[in-house]
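Hello,

Here is the structure I promised to pass on to you. Please open it and keep it beside you while you read the rest of this email.

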Amino acid sequence: MTRRLATVLVVALVVLAGCSGGPGTSTAPGDRTDASTDDPTATDGDRNRVTVPSNLIAPGASQRGIASPRTLLRAHARALSNVSTSSSTRYTALGANATGTVEYALTHAAGGDYVSSRRSVGNGTTTGTDVYFAGGTVTTRSVQPNGTTYEYAVGPTRTRFQYTRPSRPFASASLLYFSLSDGLRASDFGTRNGQKVVEYESTGVNESRFRQYRGALGVPNATVEDLSFTVFVAADGVVHDADATLTVETGAGDTEEFVLDHAVESYGEASVATPSWRDEAVRVNGSLVANGTAVELENVGSATLFDHSVGVAGNVTRSTSVNESLAPGETRYVYVTTTGNETTVHVTDDRSTVPAAAQSIPKRTSASVFLGSPNVSISIGLTADAMTGNATVDHRDTRSRPTARTGVTPTSTSTLDTRARR
C-alpha cells in the first residue's frame, strides 16, 4: 500500500516555501509554456519550494499554496461568467449508490450558453441532458431510459434557474479533492489559454477527513492508498486545468479509483451554435392584443401541435377543445365572452373577429393560457409587457399526427371559430 504521507517532509517543505530566494527556490514564472511536472528544470525539491509572485496570487491562494479553496472556486466562477469560454469536466459519480462517470461540456458566450451532461451510473444506463440558452429562451433535451423529451421555456423567471451555469459542475466535484488534500503547494509555472498560471500540487491526504467522506462515497470501510491532485490557476482565479485521482482499498480488499479531469479548452474565443434538436420542442409564443381582450398564440417552432385544448386562467378559468392543428407559422386568437352566468372561450384565426364586447382577460396584472394534447403541455403567463412560457413535449408527437382526443372538458359551453385565415 503506497501512501503520500511524508509528514516530516511536508513540514520541512512548508517552512522552506516561506523563504524567498535562496538555492533551489523559484521566484518567477519565466518564459516556459505549459510546464509539466517532469520538466528537468523543476525537480521535486524545486517544485515544492516555488514562491508565487504577488501578480500571480489568485483569490484564496498565497505565496505558498491554496489556503481557501471555496474562495478560489468563487473567483473561478466569477471570472468565467465575464468571458466567453468552453470547458469540460469528467469525474467519478459521487454518492453511496452511484458508481460510474459524469461528463459535462459547457460553453458560455455572448450569443448564449450550451450545457451538455451525461451520466453513466448504476446499471450502466446512460442518461443525459442538453440545455441551450439564447435570447432569453431555454430549450432542453432530456434523454432518459423511457424516452426523450424536450422543453421550451422563456421569460425572466424561468430563465434564471432553468439551466446550469458554466463552472458549477467543476466546483462541486473538485471540493472533494480540495477537502481531502492535506495541502496544495505551488510547484511550477506555465501558460494556459494565453494566461500565466501557477501549478499547485497536493502534498498528501487528510486521512481523518477521508474517513468522514468515505461512507458518502460508497466505500465505508476503505483506506486510502494514494491521492494525486494538481491544478493550474491564473491570477484571476480561473482553474484552467485540474486532475485528481483518489485510489482506495475497499473493505473487501479491492482497489477503486475516483477521478477528476477538468480543462478550460477555450478562453475568450468561445461561440455557441444553435443545436439541431432545438426545433423538436413545440414553441408557442403568446401576447395580449385587442386592448387585453385576446391572447395571440403563434407557433414559432418547427413542430406542429395537433388536436389540443386551450384554456385561460385569470379573472375567468375556462377551456375549450380545438380539433385542428396549429402548424409552424400559424397564429390563433383566444378570447372570452360572458352572457349572463355563462362564460365561453373562443379560438379564432382572424383577429378582426374578436368582438368589442370580449371580456378583458387579465386579472390585475397577469393572466395565463394553457394548451394541451397527448404528451404535450404548454403554459404561457402574460403581463402587460412581457411573457413567460414553457412547453414539454414527447418527441414522438412531432413526427406524425396522434389519435385525436377530446381534450380538457370545458367548464362551460365552448365555441370554436374555424374561419379560413385571411
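Below I go through how confident the model is and then through its salt bridges.

Please keep in mind that this is a predicted model. The mean pLDDT of the protein is 75, and 70% of the residues reach 70 or more. Two stretches call for some care. One is residues 157-162, where the pLDDT is below 50; in the model this stretch has 13 contacts beyond near neighbours in sequence. The other is residues 395-422, where pLDDT stays under 50, although the model shows 68 contacts there beyond four places in sequence. Where pLDDT is low, the predicted coordinates should not be read in detail.

Now to the charged side chains. Side chains of opposite charge can pair when their charged atoms come close. How many salt bridges does the structure hold? There are 5, and I will take you through some of them.

A good place to start is aspartate 130, which sits in strand S5 (residues 126-134). Which residues share a network of salt bridges with Asp130? They are Arg118 and Arg141. Between aspartate 130 and arginine 118, the closest N and O atoms are 2.8 Å apart. Arginine 118 belongs to strand S4 (residues 112-121), and the two partners lie 12 residues apart, so this pair links distant parts of the chain. For the salt bridge between aspartate 130 and arginine 141, the N to O distance is 3.0 Å. Arginine 141 is in strand S6 (residues 137-144), 11 residues away from aspartate 130, and this pair too links distant parts of the chain.

Is aspartate 130 buried or exposed? Its relative accessible area is 1%, so aspartate 130 is buried. Both arginines are partly exposed: arginine 118 has a relative accessible area of 27%, and arginine 141 comes to 21%.

Another salt bridge joins the side chains of arginine 332 and glutamate 330, at 3.3 Å from N to O. Here arginine 332 is the buried partner, with a relative accessible area of 8%, whereas glutamate 330 is partly exposed at 23%. Buried means under 20% relative accessible area, which is why arginine 332 counts as buried.

If you would like a first exercise, find aspartate 130 in the viewer and trace its salt bridges to arginine 118 and arginine 141.

Best wishes

Technical notes. Residues are numbered from 1 along each chain as its sequence is written. This is a predicted model: local features need pLDDT of at least 70, side-chain atom pairs count only at pLDDT 80 or more; totals for chains, interfaces and linings use all residues. Side-chain values use heavy atoms; hydrogens and water are left out. pLDDT is the predictor's confidence in each residue, from 0 to 100. Contact means heavy atoms within 4.5 Å. A salt bridge is a side-chain nitrogen of Lys or Arg within 4 Å of a carboxyl oxygen of Asp or Glu. Helices (H or I, at least four residues) and strands (E, at least two) are DSSP runs, numbered from the N terminus. Buried means under 20% relative accessible area, exposed over 50%, partly exposed in between (1.4 Å probe, protein chains only).
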